[in-house]
Amino acid sequence: MKTPSSSSATTDPVSRPARKRYAVVGTGGRSWMFIQALASTFRDSCDLVAFCDVNSTRMNFYNQEIGQKYGMSPVPTYRAEEFDQLVREVRPDVVIVSSIDRTHHYYIVRAMELGCDVVSEKPLTVDIEKCVEILEAIERTGRKLTVTFNYRYAPIRSKVKELIQDGAIGEVKSVHFEWLLDTQHGADYFRRWHRDKANSGGLMVHKATHHFDLVNWWLDSTPETVFGMGGLAFYGKENARSRGVTKFYERGTDSPEAAGDPFALDLRSSENLKSLYLDAEHEDGYRRDQSVFGEGISIEDTMNVLVRYKSGAQMTYSLHAYAPWEGYRIAFNGTKGRIEVNHQETSYINAGTGALTEGVSSSEQVLLLPLFGKPKVIDIPASEGGHGGGDPIMLREIFEGGKLADPLGRAANHIDGARSILTGIAANESFKTGLPVHVDSLLRVDEWAAFPRSEIASSDLRPEKAGDLAGEVAMR
C-alpha cells in the first residue's frame, strides 16, 4: 500500500534532477544504517524515495522513525511483489538491497534490468547459480553494483592494507585468522532466518564473506583451493540435551521456560525489536526470537578452513560462534617479517537502534615485527562509528559518489563480491564431501574481471550444475 510522498518523480528520464534517488528493498534491522544516513547526513544531496518489503508493519515503522527523528515526510511503500511498480512509479537511480540473503540476486538482477544501479548488502548472494545470474545481468545491462564491505574502511584494517601494500613484511606467505563471535552476537544468528542455510549460506557465507573479502583485498589475490571442516557443536537441541539441558522452549518472548536463560531474546525488551518484529508477526509469521537450542538449525557454529591463494599464500581460518568475547586475531607472515593484529569489538544485537554503533572497537593493536629489527606498535587513526569505524567512511563513499580518495582500493564491486563468497561456498562444499575444493571448478570469476564483458562466453564460465532458478522474494 503506497503512502503519500512529496518526492514523486517525473517519468521523463531526461528531466531527472541531479540529486540521486534511492529505494530500499528489505526493511529489517540492517537497512536502518542506509535509511538513517539518507534521512540525515546525506539528505542535502540524496533522496530516499521508497521502501519495499514483504511486511508493511516494518515499512510503516521506518516511515514513523524518519518522521519523528528527522522530520521527513513518509515515503511510498511497496510490497515485494510490487517491485516493478516501485521502479516505474518513483524511478530510483539506485536500489539498495538489504533483504534476506537468498533474495539478493532477484532484486539485483531485476533492478538492473529496469535501469537502476544497485548497492547490495553482503553477502552478494548464497550460491554459485545466483552469482552467475548477477554476473550475467551486469554483462547484459552494463549497470553498476556496489557491495557494502564496511570492514575494509575501518582504520585498523586499512592500516594493515597500507603496511602490506608498502612492503613492510615483504611478500606475504601465510595468514592465520581467528574470528570469535560471542554468546550475544554469535548466538543471534541461531535465533533468526540465518539459522536456515538455504537463507544465508551459513556463517561461511553470511558472516565470513567479510573476512574472506578482507584477505582477498589485503593479499590482492583470490582463493585457489579450499579445504574445511565444520559442524553444529554447541547450539541446537541435540547438543543442549547432551550437556544435560532438560528445559526447552520455542521462543524467548512471553515464555516462562525462557526466563533467566541468558541465550533467550525477549522482543519486548527493546522498542525497536518489538516494533520491527513482534508487532509485525501477524503479517508473515516470522519469529525473530527463536530458541538457539531448538530444532531446525542447519548452519554450523564451529568452522575451520585451509585456503591456498593464487598468489601462493596459505591461510588457516577459524570461526567460532559461542566465545566469551567478540573480535579477532590475525597474523601475517612475510619474507621480511610479521604483522600481528588483535582487535576486540563491542558485542551487539542488530535491532535497527538508530545509531551507527554495531561492532564498535573496544580495544585494538597492530604489531610490526621485522625479521631483523625491533617490534613496533603501529599507530592507528582514531575511529568512530560501527564496524570499527568503517560504517561512516563507507557511507560517504556510497552516497557522495566516490569523492573520497581511495588509494587502498576499498570500494568493492561485483567481482569483489563474487570472490568473497567463493571461499565460503567452497568451504561448505568441503564440509559436505570431506575433500578439498578447487575454486575454479565452481566459477572462474577472475575471467569475468580479466576481459571485457562482451568477450566473455558466459556459458563457459558457469558450472555444469548451474540451473535456471526462479526469483525468490521473501524478505525478513
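In this predicted model, helix 14 provides the largest share of the lining of the largest pocket, contributing 4 residues. The space in this pocket amounts to about 480 Å³, and the lining comprises 27 residues, of which Lys20, Lys144, Glu397, Ile398 and Gly401 are the closest to the centre. Besides helix 14 (386-399), the elements that give two or more residues to this lining are strand 1, strand 5 and strand 6.

The strands that contribute to the pocket lining can be placed within a sheet. Strands 1, 5 and 6 belong to an open sheet of 6 strands, arranged in the order 3-2-1-4-5-6 with parallel pairing. The edges are formed by strand 3 (77-79) and strand 6 (145-147), each of which pairs on one side only, and from one strand to the next the twist averages 20°. Helix 1, spanning residues 32-39, packs on this sheet and touches strand 1 (20-25), strand 2 (46-53), strand 4 and strand 5, while the direction of helix 1 makes about 150° with that of strand 2. Within the sheet, strand 4 (residues 94-97) and strand 5 (residues 117-120) run parallel and are joined by 4 bridges; Val95 has Val118 of strand 5 as its bridge partner.

Enclosed space was examined in addition to the open pocket. A search of the whole structure yields 3 cavities of 30 Å³ or more, and the largest cavity has a volume of about 380 Å³. The lining of this largest cavity consists of 30 residues, among which Arg30, Arg192, His194, His206 and Asn350 are the closest to its centre.

Attention was also given to the surroundings of a single residue, Ser291, which is located in the loop between helix 13 (281-284) and strand 9 (302-309). With a relative accessible area of 3%, Ser291 lies below the 20% cut-off and is therefore classed as buried. When residues up to four places away in sequence are left out of account, the residues that Ser291 touches are Phe190, Arg195, Tyr249, Glu250 and Arg251. The side chain of Ser291 additionally reaches the backbone nitrogen of Phe293, at 3.0 Å.

Notes:
Residues numbered from 1 in each chain as written. Predicted model: local features only at pLDDT ≥ 70, side-chain atom pairs only at ≥ 80, totals over all residues. Heavy atoms only, no water. Buried < 20%, exposed > 50% of the residue type's maximum accessible area, 1.4 Å probe, protein only. Polar contact = N/O pair within 3.5 Å; in protein donor to acceptor, adjacent residues only side chain to side chain. Contact = heavy atoms within 4.5 Å. Pairing = 2+ DSSP bridges. Axes fitted to C-alpha atoms, helices over the stretch in contact; angles between N-to-C directions. 1 Å grid on protein atoms, 1.4 Å probe; cavity = no way out; pocket = protein on both sides within 12 Å on 5 of 7 lines; lining within 4 Å. Points joined across faces, edges and corners; volume = space filled by probe spheres on them.
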